[in-house]
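Got the model open in your viewer? Let's take a short tour, one selection at a time.

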Amino acid sequence: MVIGVDLGGTNVRAAAVSAAGEIVGPRIENPSHAREGADACLAAVVRTILEAMTGIDAESIGIAIPGHIDAIKGVVHWAPNFGETVEGDFRNWEDVTFTPVLAKQIDLPITIGNDANLAALGEYRFGSGKECANGLILLTLGTGVGSGIVLSPACLQGGLTRPSVLIGNKGGAAELGHLTIVKDGETCTCGSQGHLEAYCGTEGLLKIAAAHGIVCESPLQLFEEAQTGNESAIAAWEVYGGYLGTAIGSAINAFAPEIVAIGGQVANAWQYFLPEATLAASQASIPSLFESVRIVQAEQLEDAGILGAAALALGEL
Ligand SMILES: [Zn+2]
């Protein structure tokens, strides 16, 4: 049994998880106080973990955190929406010492990782990866576009012994949401132009909808419009799928995974964007690589953060 923790900009959630990926204790949820300074946020994390551990014989703890995470040092280099207001200015977290502070208050091994990377690990272990796929990429469609890459030993020459998450130098890898898909294109949340997230994040999707004459406030609304048979809404989803598929094709060329899983809340509109995404991915990727890929809806749409963190903690046992 381990404790999986999902730290977000609004709430911190935690639950006990079995080795089979079942949530076995109550889901504990508290405000994360992410914008009130690192001390307040860390205190919320500790309290949430202790509540989730009550009456549970936990062996280890995993924590999923958005942003640039150095798992080895236990440091959060940067996290979106985490920080504090100093003299009227909001300042993002910079190199916050995380794990060592928690370790003083909780007497169990603690590991941390980027939330999207860990969601991919959870999807690999407990979802469509079935713990045996030869490589899995997870794209999480929500406000932004998150992603994670899990590589199995068969994907690498050089002696990897078990499925592993690609984290790159200092934990910053696998930001497929920031692949350039249109040169000099729309401005992305990161400041660059033409990235996938600029088209397939919520803001990008709503812009595509507006260009089709549909004014809506959320992806859900656009989904519901498509469900009523609104042809403009359906066309907007197809355009969205084209952008997504172009990025998927590039990711296939780079990593040749067995599975590309699409998660996040926007994945519920799957039926409207998948055919176009698959077509664009096939056009953008090398045919012999595309042949052996399956593009699927992620199985872990709920609790992906908690289960991903739990998969990390289980891997450390
Ligand atoms: Zn970007």
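Start by selecting Leu222, Glu225 and Ala226 in H6, and then add Ala233, Ile234, Ala236 and Trp237 in H7: these are the residues through which the two helices meet. Colour them by class and you'll find six nonpolar residues, no polar ones and one charged residue in this contact. Keep in mind as you look around that this is a predicted model.

Now show the whole of both helices, residues 219-227 for H6 and residues 231-255 for H7. How do you describe a pair like this? Two packed helices are described by the angle between their axes and the distance between the axes. Here the axes come within 7 Å and cross at roughly 125°. H6 and H7 are therefore oblique to each other. Turn the view and look along the crossing: H6 passes H7 in a left-handed way.

Stay with H7 and try the ruler on its two end C-alpha atoms, which are 35 Å apart. Does that agree or disagree with what its 25 residues should span? At 1.5 Å a residue, H7 should span 36 Å, so the two agree. Next, click on Ala256, just after H7: this residue takes a positive phi of about 40°.

For the last stop, leave the helices and select strands S5, S6 and S9. Three strands form an open sheet here, in the order S5-S6-S9, with antiparallel pairing. S5 (68-70) and S9 (96-97) are the edge strands, each pairing on one side only. Zoom in on S5 and S6 (residues 75-78), which run antiparallel and are joined by three bridges. Finish at Asp70, which stands opposite Val75 in S6.

Note on methods
Residues numbered from 1 in each chain as written. Predicted model: local features only at pLDDT ≥ 70, side-chain atom pairs only at ≥ 80, totals over all residues. Axes fitted to C-alpha atoms, helices over the stretch in contact; angles between N-to-C directions. Helix = DSSP H or I, 4+ residues; strand = E, 2+ residues; numbered from the N terminus. Parallel < 35°, antiparallel > 145°, perpendicular 65-115°, else oblique. Left-handed = near helix turned anticlockwise from the far one by under 90°. Contact = placed C-beta atoms within 7 Å. Nonpolar A, V, L, I, M, F, W, Y, C, P; charged D, E, K, R; others polar. Pairing = 2+ DSSP bridges. Expected span 1.5 Å × (residues − 1).
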